[in-house]
Amino acid sequence: MSILNYSLVASFYFLFSCNPIIETYPSGLVQNQQNAKSSMTEIANPILQSTDGGNTWTDISEGLPEKIQGKEFFIDEQDLYLFTDKGMYHSKSNLPTPKWKKEQFLLENGSIAKGQGRLFAFNYGGQLLQKINATGPWFPVYPNFKYSNVRNIFETTKGTVFIGCDDGLFKSSDNGKTWKHVQNGWVIKMIETKDVLIATSQRGIIRSTDEGEN
């Protein structure tokens, strides 16, 4: 995630069973993850923006419904996405004041992951989508992937795609035509640095120096 020229905070509840965590990302995004709630609080103004290093904050929620239950927030160099109980909303991240528009989205309770020149969307039920153009539609991808319980999608700089699910970690080097099972147990998060892959898994933190083969 590239460095952005502003900071954002998403002050809504996430669906994680963990203690409250403050995470600071390289982009300056700060996410407040609270304990999982059986009924999430409705928040009238869920998103704030700072352009001075966090000294002052501006409400950038205009265009969103007055009362929404925020579930997940995603940001990259160009786009902001907010998942809510009333659907998914999108804005450009480089606007002084974001203008929110409801997306025609095909998934419920979905998550977004960034690939190489595209965005992936997925849910725990195993539905997989991609979006090539920021203004274009979402459409199904990887029909040959037959597993559900998807937790993450990750694409390396060389174009290798990994899907982590409860059945393990699967790798494709031919854009999803074939899949290879390379890791047992669930894998949730992956990053790449200098040709080294690092992931959080059921075994703990694991790494690979051979494109995920071992």
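The legends below describe close-up views of a predicted model, covering one sheet and the aromatic residues.

**View 1. An open sheet of 4 strands with antiparallel pairing.** The strands of this sheet follow the order 14-15-16-17. Strand 14, residues 150-155, and strand 17, residues 180-183, form the edges, and each of these two strands pairs on one side only. On average, neighbouring strands of the sheet are turned by 25° against each other, with direction ignored.

**View 2. Strand 14 and its pairing with strand 15.** Strand 14 and strand 15, the latter spanning residues 161-165, are joined by 5 bridges in the antiparallel sense, and within this pairing V150 stands opposite C165 of strand 15. The hairpin made by these two strands has 5 residues between the strands, and in this hairpin G159 takes a positive phi near 95°. Although strand 14 is an edge strand that pairs on one side only, strand 14 is mostly covered, with 5 of its 6 residues buried.

**View 3. The pairing of strand 16 with strand 17.** Strand 16, which comprises residues 168-172, runs antiparallel to strand 17, and 3 bridges join the two. One of the residues to look for is F170, whose bridge partner in strand 17 is H181. F170 also belongs to an aromatic cluster, which is taken up again in View 5.

**View 4. The aromatic pair of F74 and Y81.** A search of the whole structure finds 8 aromatic pairs. In the pair of F74 and Y81, the ring centres lie 6.3 Å apart and the planes meet at 50°, so the pair is tilted; an angle over 60 degrees would have counted as edge-to-face, and one under 30 degrees as stacked. F74 has a relative accessible area of 11% and is therefore buried, the cut-off for this class being under 20%. Y81 is likewise buried, with a relative accessible area of 0%.

**View 5. The pair of F145 and Y147 within an aromatic cluster.** The ring centres of F145 and Y147 are 5.6 Å apart and their planes stand at 55°, so this pair is also tilted. F145 counts as buried because its relative accessibility is 7%, whereas Y147, at 38% relative accessibility, counts as partly exposed. Both residues belong to one aromatic cluster, which is formed by F120, Y142, F145, Y147, F170 and W179. Through F170, the cluster includes a residue that has H181 of strand 17 as its bridge partner.

How values were computed:
Residues numbered from 1 in each chain as written. Predicted model: local features only at pLDDT ≥ 70, side-chain atom pairs only at ≥ 80, totals over all residues. Heavy atoms only, no water. Pairing = 2+ DSSP bridges. Axes fitted to C-alpha atoms, helices over the stretch in contact; angles between N-to-C directions. Buried < 20%, exposed > 50% of the residue type's maximum accessible area, 1.4 Å probe, protein only. Phe/Tyr/Trp six-rings, centres within 6.5 Å; stacked < 30°, edge-to-face > 60°.
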